[in-house]
Amino acid sequence: MANRSLATLIYILFSFLSRKLGAIPLTTKVASFLAGFMNEFEKKHPYCWLILGLVLTTFSYGIFNTGICAWIFAIPLIRFINNRTKWSSIILMLVGMIIVANITFFRLVEDNFNIMNQVFCSLNGVRIWFPFLVYFLCRKFGAKRIIAYYAFPAAVAVSEFFIDNPFISVMTSLSVSQFWNLGLMQIASVTGVVGVSFVVTLFASVANYIWEEGIRKDTVMNAVGYGIFVVLITGIGMTTVEKITTTDQTVKVAASVENFNLLLEDKSILARYEGSDEEKMFQANVDIIKERAEQAARNEAALLVFPEDAFVCPESSSGKIIDQAKSIARVNKLNILLPLLRMPEQGKKMNTLNFINSDGELLNTYLKNHLVPVVEEPETERGDGETPVVEVDGVKYTYLICADYTSNKYAYNGREADIFLNPSYDWQAFQYFTSYGIQARAIECGFSVLRNPVNGNIILYDVFGRPLHMQNVMGVHTGMIYLDIPKQGRQTIYGATGNWFPWTCAVYLVLAIFSGFINAGRKTTSSIGVL
């Protein structure tokens, strides 16, 4: 199929040479033969482009993505719409996208099969399909071709920004497939991460515009302009990444790997203590905090961070644990970010982060906002929507719990910070999405990012999204990792201007579709005038 696609481009090139340079008759005959072959093939096999496009889509998103396929997967799908601008075609594409999403995101919610997993996979399929629907509507209603072609990548940006769910978010964005291309990813510091997806998918529009319209001055200029733009932004991005150093000023952070399941699995731990089960759990938690704090202090760490749900206790014990942690922080002259899952006798549980400074003062208690469907909702209380920013020892910290970072507003609201901390709880199938999805937040907001999960990858990014450390701790229940985190954040255009790009794209979509009705109305008026 790729060779036949190339044949069409060869035909266009031959035709151009024949007109401009007076090419020999044999060249024209060959070009005519190739064009005729392509037209005949598309008539006999109208769904070939759909099938090819769905296969490439599988290798553009999720766990099977190859990075490069993200640039080309939409080419055959747009060609399919151009050949068959029918409602049945776009509905068939929707079915295909849902199937593809259930393959490439097949363990999105948890490691084992469940119905809700398939629901969220299917919703990701709808999100991938939405830009093709927008392009279809533009062509169906008569919008100018160039307007329709630019509406496609704009719709990609819109769909990735406005659907704000932990399982349909930046984690499953097309931009995640480009994490290796740090030069290109720097555009997120201007437009937000959806700008990366826009640039990548615009390639398909540029290619199809030439394919459909032929090699003319306007199509060539459009392609050349796009090429220059991509090379320019990637080159500037890579130059920035290679020449600017962020590790000259750092703060040492101790990332503890604690999993409360260890207390449940290893009965010998709680057996060391006397009293009720609640008293045993309380004392075990305090001893773990004390031991880790002493280790961190001996290694001259300024901050001790635990993963999400490292400590679980009844609501009646939560105040005592925090008081003990405050005393431990004061004795060891150590800042502590303490996660505490509080379990009331009645009502909803509370997933909290408690920032305690080295003077033993509780600066903030943060309640998780972006609750994970199935796993947390509706049994967990939702936070107030605020993103905390605290300053200690001249360094500003912001912190969110796990999936909170996937929201397009919570990380952005902490953009004034120098360091973003993200204690988390992962599972095996989830590691890919979380490890690379959070890279975009570092680039967008200009802070260093530390994500320290249970059952996942402890990963550290600097303000340009460069990975400074990655270590898998799947199945590790206890331990400590010391990291030197760059403590100087940077101001980004995105941080200063906000989400202007997706909103601009949204306005463009409305105008693009509406322009089709205007063109249709003009054609109708002209026809009446002729009669």
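**Aromatic rings and their neighbours**

Arginine 415 lies over the face of tyrosine 412, with 4.0 Å between the arginine and the ring centre. This arrangement comes from a predicted model, and it makes a friendly starting point for a look at the aromatic side chains. A second charge is placed in a comparable way: the charged end of lysine 320 sits over the ring of phenylalanine 282, at 4.8 Å from the centre of that ring.

Rings also meet other rings, and the structure holds 21 aromatic pairs. In one of them, tryptophan 87 and phenylalanine 136 have ring centres 4.9 Å apart and planes at 70°, so this pair is edge-to-face. Tryptophan 87 belongs to helix H6 (residues 87-104), while phenylalanine 136 belongs to helix H7 (residues 115-140), so their contact ties together parts that are 49 residues apart in sequence. As for their surroundings, tryptophan 87 is partly exposed, with a relative accessible area of 43%, whereas phenylalanine 136 counts as buried at 1% relative accessibility.

Tyrosine 412, already met beneath arginine 415, has an aromatic partner as well. Together with tyrosine 494 it forms an edge-to-face pair, 5.3 Å from centre to centre and with 70° between the planes. Tyrosine 412 is found in helix H17 (residues 410-413) and tyrosine 494 in helix H20 (residues 493-497), so the pair ties together parts that are 82 residues apart in sequence. Both tyrosine 412 and tyrosine 494 are buried.

Aromatic residues can gather in groups too: Tyr61, Phe73, Phe132 and Phe152 form one aromatic cluster.

Key. Residues are numbered from 1 along each chain as its sequence is written. This is a predicted model: local features need pLDDT of at least 70, side-chain atom pairs count only at pLDDT 80 or more; totals for chains, interfaces and linings use all residues. Side-chain values use heavy atoms; hydrogens and water are left out. Rings of Phe, Tyr and Trp (its six-membered ring) pair if their centres lie within 6.5 Å; planes under 30 degrees apart count as stacked, over 60 as edge-to-face and the rest as tilted. Helices (H or I, at least four residues) and strands (E, at least two) are DSSP runs, numbered from the N terminus. Buried means under 20% relative accessible area, exposed over 50%, partly exposed in between (1.4 Å probe, protein chains only). A charge sits over a ring if NZ of Lys or CZ of Arg is within 6 Å of the ring centre and within 35 degrees of the ring normal.
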